[in-house]
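Colleague: Show me the model. I want the reason behind each label.

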Amino acid sequence: MFNMGKRRPRARHGKNVKCLRCGRAQAVIRKYGLMLCRQCFKLVAEELGFRNYS
Ligand SMILES: [Zn+2]
């Protein structure tokens with residue numbers, strides 16, 4: 001019962017990549033092997049201290 005608007009069953013790049021943290025498949029960043037969506041990436045990046053170099 002999750003018909004909210006239209007859904008696209010097709011996957012763009014063949015594989016569905018989901019965020020390891022929240023499970024979303026939207027805007028998942030696979031750079032650096034993180035496999036995180038944008039929001040989680042931001043949170044994790046702050047936790048890791050991405051802003052502070054050196
Ligand atoms: Zn996420």
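Modeller: Start with the terms. A nonpolar core is a set of buried Ala, Val, Leu, Ile, Met, Phe, Trp, Tyr and Cys residues joined through side-chain atoms within 4.5 Å. Buried means under 20% relative accessible area, exposed means over 50%, and partly exposed is in between (1.4 Å probe, protein chains only). This is a predicted model: local features need pLDDT of at least 70, side-chain atom pairs count only at pLDDT 80 or more, and totals for chains, interfaces and linings use all residues. Residues are numbered from 1 along each chain as its sequence is written, and side-chain values use heavy atoms, with hydrogens and water left out.

Colleague: Which residues make up the largest nonpolar core?

Modeller: Five residues: Cys-19, Leu-36, Cys-37, Cys-40 and Val-44. Two elements, β2 and α1, each give two or more residues to this core. Helices (H or I, at least four residues) and strands (E, at least two) are DSSP runs, numbered from the N terminus. The chain has one helix and two strands, in the order β-β-α from the N terminus on.

Colleague: Why is Cys-19 called buried?

Modeller: Its relative accessible area is 4%. The limit is under 20%, so Cys-19 qualifies. Cys-37, at 2%, is buried too.

Colleague: What class does Cys-22 fall into?

Modeller: Cys-22 has 41% relative accessibility, so it counts as partly exposed. Over the chain of 54 residues, 13% count as buried.

Colleague: Which atoms are the protein donors of the zinc ion?

Modeller: The SG atoms of Cys-19, Cys-22, Cys-37 and Cys-40, lying 2.3 Å from the ion. Donors are N, O and S atoms within 2.8 Å of the metal (3.2 Å for Na, K and Ca); water is not among the atoms, so sites may look incomplete. At 2.3 Å these sulfurs pass, because the cut-off for zinc is 2.8 Å. Their spacing along the chain is C-x2-C-x14-C-x2-C. One pair links distant parts of the chain: Cys-19 sits in the segment before β1 (28–29), and Cys-37, 18 residues apart from it, in strand β2 (residues 36–37).

Colleague: What makes the site of the zinc ion tetrahedral?

Modeller: The angles among its four donor atoms run from 106 to 119 degrees. Four donors count as tetrahedral if all angles lie between 85 and 135 degrees, so the label holds. The ideal angle for four tetrahedral donors is 109.5 degrees.

Colleague: How many disulfides does the structure hold?

Modeller: Zero. A disulfide would need a pair of cysteine sulfur atoms within 2.5 Å.

Colleague: Why are the buried residues of α1 said to lie on the same side?

Modeller: The buried residues are Cys-40, Val-44 and Ala-45. They cover an arc of only 135 degrees around the axis, so they share one side of α1. The arc is taken from the directions from the helix axis to the C-beta atoms. These residues pack against β2. On the other side, Arg-38, Gln-39 and Lys-42 are exposed.

Colleague: What makes Arg-38 exposed?

Modeller: Arg-38 has 61% relative accessibility, and the exposed class is over 50%, so the label follows. Arg-38 lies in helix α1 (residues 38–48). Not counting residues up to four places away in sequence, Arg-38 touches Ala-27 and Ile-29. Contact means heavy atoms within 4.5 Å.

Technical notes. Four donors count as tetrahedral if all angles lie between 85 and 135 degrees; four count as square planar and six as octahedral if opposite donors are over 155 degrees apart and all others between 65 and 115; anything else is irregular.
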